[in-house]
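Please look through the following points with the sequence and the model side by side. They are ordered so that single residues come before helices, and helices before the whole chain.

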Amino acid sequence: MSKYQSVRGTRDLLPEIKSVFRRIDETALASAQNYGFKEIETPIFEFSDVFHRSLGETSDAVSKETYTFTDRGGDQLTLRPEGTAGVVRAFVSEGLAQHIPLKYYYYGPMFRYERPQKGRYRQFYQLGVEVLGLESALADLECLDLAWSILKKLRLSNRCILEINTLGDTESRQNYRQALVDYLTPFKEQLSADSKVRFEKNPMRILDSKDEGDKKIIADAPRMESFLNESSKKFFSDVLAGLTKLNIPYKINPQLVRGLDYYCHTVFEFTTAELGAQSAVLSGGRYDGLTETLGGPKTPGVGWAAGVDRLAELCSTELQPASHKSPVALAALGDSAQLEALAIASSLREKNIEAHVFLTGNLKKKLEKANKLGAEKTILIFEQENGSFEYKIKDFKTGSESAGSREDMMNLFS
Ligand code: HAM
């Protein structure tokens, strides 16, 4: 075994799986474009403060999971654990507020120092969307509809369910938070170590705890829905009515609070029963206060991100390879004939034809490789004594072989 392995929690995306990732990205991007989203790419690292301020000090992503380092200039930088903070930072620092509403799509690697397991990596890939500048529940619905349409295109919609909840507006959340603290105070000493910290800093995250002891305590805790003010109730009921109108099945999960601190109103996760503990394949929600937290003008926002590693795990067997024309193979004998093969292949490739030149092995081996590749036709090139070339075309479908000029070969594929 080699001394060097990939770092724990990271992996090499070898061609087979990489092609599934690419197909997922292409499918999602094409759908997002149909919904009027434009692609954006922000840097993989940002000043650490961008994440500390936006995701919240108590979120796991910031408190335990960041890859943070000081660069040679003394700046504190963090590899992005998610995409929303960077997009919102770009919105603020690029002064894009006068262009709202804005609808962005992104794809790329994210980094979290989590305990690796199936479906959970330290470098993983997200594709996501963010809508900035729309406060209506219709924006939440358009995002959810896009998510559903992508899952349908990937043929995953019957294997996922939308779980949804509301965190209400600031006023509703403050009232609820107080009620929750009052309820939890007598149990404080029985809470898990993590939840004791959350009790002080962000008690609503305790609802999300996976600890069995915490779960028992939470079972009888007051519910958010009793603390929603009228406008928050209306917002949520508009979202739910819209889901029904759009034929998107959902399940209300009152315990869904999400791990990042920036959310308000709608929060949701599309989950699957097929990936064990890592059940969320696509999740997001509304974040109306985030632009201000990063020093920008008050701008409502809503969006989601999907875990591409998890989508790929689910759909690698479902996803058909992109239908494309059968490749052309070139088999030549002798150095100058090989070079001629490269030149012909180059012209074919310029015409957007996939062409493969086999540079090793005898003619029989080359033909075997061409057959294995799925090439219907193979161009054979032989060097003549006078330095010119003889060209033949072998058709694997019919088994025929015919001679011709260089032009004849090229014309066969135009
Ligand atoms: P998140 O729930 O932290 O939300 O991550 C979104 C998705 O990324 C998850 O549903 C999951 O599929 C995938 N994911 C998260 N961590 C890992 C991991 N360690 N390994 C593999 N996949 C993972 C966000 O990141 C928000 N920025 C989503 C959002 C966008 N909210 C509003 N806009």
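1. Is Ala370 buried or exposed? Before anything else, please keep in mind that this is a predicted model. Ala370 counts as buried because its relative accessibility is 0%, and the cut-off for that word is under 20% relative accessible area. The residue lies in helix α13, which covers residues 363-373. If the neighbours within four places in sequence are set aside, the residues in contact with Ala370 are Ala329, Phe358, Ala375, Thr378 and Phe396. For a sense of distance, you may also look at Thr271, which is 99 residues away from Ala370 along the chain, with 43 Å between the two C-alpha atoms.

2. Leu260 offers a second case, this time in a loop, namely the one between β8 (250-252) and β9 (264-272). Leu260 has a relative accessibility of 12% and therefore counts as buried. Leaving out neighbours within four places in sequence, Leu260 is in contact with Leu55, Ser59, Ala61 and Glu82. Its C-alpha atom is separated by 25 Å from that of Lys38, and these two residues are 222 residues apart along the chain.

3. Leu55, one of the contacts of Leu260, brings us to helix α2, where the buried residues are Ser48, Val50, Phe51, Ser54 and Leu55. These buried residues cover an arc of only 160° around the helix axis, which means that they are on the same side of α2. The general background is that an α-helix has 3.6 residues a turn, so residues three or four places apart point the same way. Asp49 and Arg53, by contrast, are exposed on the other side of α2.

4. What do the buried residues of α2 pack against? Their partners are the strands β2 (45-47), β3 (67-70) and β4 (76-79), together with the helices α3 (60-63), α4 (84-93) and α10 (290-293). After α2 comes Gly56, a residue with a positive phi near 95°.

5. Helix α4, one of those partners, has a rather fuller burial, which can be put in numbers: eight of its 10 residues are buried, so the helix is largely enclosed by the rest of the structure. The buried ones are Thr84, Ala85, Gly86, Val87, Val88, Arg89, Ala90 and Phe91, and please note that Arg89 is among them. These residues pack against β2, α2, β5 (102-111), β6 (123-132) and α10. After α4 comes Gly95, whose phi is positive as well, near 60°.

6. Some backbone angles deserve a careful look, because most residues other than glycine have a negative phi, and most peptide bonds are trans. In the loop between α4 and β5 we find Pro101, and the peptide bond that leads to it from Ile100 is cis, with omega near 0°. Arg155 is not a glycine, yet its phi is positive, about 60°. This arginine lies in the loop between α5 (137-153) and β7 (160-166), and it counts as partly exposed because its relative accessibility is 44%.

7. Where does His265 lie, and what is its phi? His265 lies in strand β9, and although it is not a glycine, its phi is positive, about 45°. With a relative accessible area of 9%, His265 is buried.

8. Turning to the whole chain, the protein has 14 helices and 16 strands, and buried residues make up 51% of its 414 residues. A compact globule of 414 residues would have a radius of gyration near 22 Å, whereas this protein has 28 Å. The C-alpha atoms fill a box of roughly 95 × 55 × 40 Å along the principal axes. Among contacts with a separation of 6 or more, 68% are between residues 24 or more positions apart.

9. Finally, a word on the surface and the charges. The protein exposes about 21,000 Å², and carbon and sulfur atoms supply 50% of this area. There are 54 positive and 57 negative charges, and the mean positions of the two sets are 4 Å apart.

Technical notes:
Residues are numbered from 1 along each chain as its sequence is written. This is a predicted model: local features need pLDDT of at least 70, side-chain atom pairs count only at pLDDT 80 or more; totals for chains, interfaces and linings use all residues. Side-chain values use heavy atoms; hydrogens and water are left out. Buried means under 20% relative accessible area, exposed over 50%, partly exposed in between (1.4 Å probe, protein chains only). Helices (H or I, at least four residues) and strands (E, at least two) are DSSP runs, numbered from the N terminus. The arc is that of the directions from the helix axis to the C-beta atoms. Contact means heavy atoms within 4.5 Å. The radius of gyration is taken over C-alpha atoms; the globule rule is 2.2 Å times the number of residues to the power 0.38. Accessible areas come from the Shrake-Rupley method with a 1.4 Å probe; for residues, only the protein chains shown count as cover. Lys and Arg count as positive and Asp and Glu as negative; His and the chain ends are not counted. The place of a charge is taken as NZ of Lys, CZ of Arg, CG of Asp or CD of Glu.
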